[in-house]
Amino acid sequence: MPELPDPVMTRPPLHKEWPSTLVAGGCFGLFSYFLAILSPFIAFGASVLFFFLYTWPFFLALLPVAVFSGMAISVWQQQKIFLTFLLTLLLVSGSFWGLFYAFVGW
């Protein structure tokens, strides 16, 4: 019988796992969402509460979008933490303000 190589010894090295970057991206997305939801209060004051009273389900629907976009950007930008946070903040804030201005101009 021919001598075959041991499959355990010749396996290629495992690549780095994704969960650590996914958790960081999810946290960045959540933090970016909270910063985005605070920004209308900083810009317009407490009167924004009356606006959110009627439109809160739409803005709440952006929460999983923010978390998943943070996860996707963290996988895309593997070891670049600051760039991941900056891109996540820009994407989440842009989507939040886009929805906000769409309702204000309605």
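**Close-up views of a predicted model**

**View 1. Phe100 and its ring partner Tyr101.** Phe100 is buried, since its relative accessible area is 4%, below the 20% cut-off for that class. The model shown here and in the other views is a predicted one. The ring centres of Phe100 and Tyr101 are 6.0 Å apart and the planes stand at 70 degrees, so this pair is classed as edge-to-face.

**View 2. The ring cluster that includes Phe100 and Tyr101.** Ring pairs join Phe100 and Tyr101 with Phe41, Phe44, Phe51, Phe52, Phe58, Phe59, Phe96, Trp97 and Phe103 in a cluster. Over the whole structure, the search finds 19 aromatic pairs.

**View 3. The aromatic pair of Phe31 and Phe85.** The two rings are tilted, with 5.9 Å from centre to centre and 35 degrees between the planes. Phe31 belongs to helix H1 (residues 19–44) and Phe85 to helix H4 (residues 81–104), so the pair ties together parts 54 residues apart in sequence. Phe31 is partly exposed, with 45% relative accessibility. Phe85 is also partly exposed, and its relative accessible area is 22%.

**View 4. Packing of helix H2 against helix H3.** Helix H2 covers residues 48–60 and helix H3 residues 62–76. Their axes are 5 Å apart and make an angle of about 30 degrees; H2 and H3 are therefore roughly parallel to each other, as angles under 35 degrees are counted that way. In the contact, Phe58, Phe59 and Leu60 of H2 meet Leu62, Leu63 and Pro64 of H3. By class, this contact has 6 nonpolar residues, with no polar and no charged ones. Phe58 and Phe59 of H2 also belong to the ring cluster of View 2.

Terms used
Residues numbered from 1 in each chain as written. Predicted model: local features only at pLDDT ≥ 70, side-chain atom pairs only at ≥ 80, totals over all residues. Heavy atoms only, no water. Axes fitted to C-alpha atoms, helices over the stretch in contact; angles between N-to-C directions. Helix = DSSP H or I, 4+ residues; strand = E, 2+ residues; numbered from the N terminus. Parallel < 35°, antiparallel > 145°, perpendicular 65-115°, else oblique. Contact = heavy atoms within 4.5 Å. Nonpolar A, V, L, I, M, F, W, Y, C, P; charged D, E, K, R; others polar. Phe/Tyr/Trp six-rings, centres within 6.5 Å; stacked < 30°, edge-to-face > 60°. Buried < 20%, exposed > 50% of the residue type's maximum accessible area, 1.4 Å probe, protein only.
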